[in-house]
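This report covers the helices of one chain and a few chosen residues. The sequence and the structure come first.

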Amino acid sequence: MDFMLEEELFDLIAFCLQNAGSPEIDGKKNRIKQIGKELFDDGGVDALENFFFALSNRIKEEFGKDIDSFKPLWNALSDEWKY
């Protein structure tokens, strides 16, 4: 399941980065939030950190872009996750 969620997150973030003006962005970001909740419920803040780290490296390698602007999407999940 983790691999599938990582792939879905990768696709969602890649779409957002490549289609900044798309009307679909809000829906994609909502799904990113939902996946974050699933990850947090399953593994806490450690799971969020691990997934974000892996995704960040993949996106930087493939697109040369930083994804830190997506971190705040998970802020409501925990007091420990504040970006």
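Helices here are DSSP runs of H or I with at least four residues, numbered from the N terminus. The model is a predicted one.

**Two helices in contact**

Helix 1 covers residues 2-18 and helix 2 covers residues 25-63. Their axes approach to within 7 Å and cross at roughly 60 degrees. Angles from 65 to 115 degrees would count as roughly perpendicular and those under 35 degrees as roughly parallel, so helix 1 lies oblique to helix 2. The crossing of the two helices is right-handed. Sorted by type, the residues of this contact comprise 18 nonpolar, 1 polar and 11 charged.

**The course of helix 2**

How far does helix 2 span between its end C-alpha atoms? The distance is only 18 Å, whereas a straight helix of 39 residues would span 57 Å at 1.5 Å a residue. Helix 2 also contains a kink of about 130 degrees, and Gly43 is at its centre. After helix 2 comes Gly64, which has a positive phi near 70 degrees.

**Three residues and their surroundings**

Leu55 and Arg58 can be taken together, since each has its place in helix 2. Ser69 belongs to the segment that follows helix 2. Is Leu55 buried or exposed? Its relative accessible area is 1%; buried means under 20%, so Leu55 is buried. Arg58, at 22%, is partly exposed. Ser69 has a relative accessible area of 58% and is exposed.

Each of these residues can also be paired with one that is distant along the chain, as the table sets out.

| Pair | Separation in sequence | C-alpha to C-alpha distance |
|---|---|---|
| Leu55 and Leu9 | 46 residues | 7.8 Å |
| Arg58 and Glu6 | 52 residues | 10 Å |
| Ser69 and Tyr83 | 14 residues | 8.7 Å |

For helix 2, then, the buried Leu55 has its C-alpha atom 7.8 Å from that of Leu9, and the partly exposed Arg58 has its C-alpha atom 10 Å from that of Glu6. In the segment after helix 2, the exposed Ser69 is 8.7 Å from Tyr83, C-alpha to C-alpha.

Conventions: Residues numbered from 1 in each chain as written. Predicted model: local features only at pLDDT ≥ 70, side-chain atom pairs only at ≥ 80, totals over all residues. Heavy atoms only, no water. Axes fitted to C-alpha atoms, helices over the stretch in contact; angles between N-to-C directions. Parallel < 35°, antiparallel > 145°, perpendicular 65-115°, else oblique. Left-handed = near helix turned anticlockwise from the far one by under 90°. Nonpolar A, V, L, I, M, F, W, Y, C, P; charged D, E, K, R; others polar. Expected span 1.5 Å × (residues − 1). Bend = angle between axes of the 7 residues up to and from the residue. Buried < 20%, exposed > 50% of the residue type's maximum accessible area, 1.4 Å probe, protein only.
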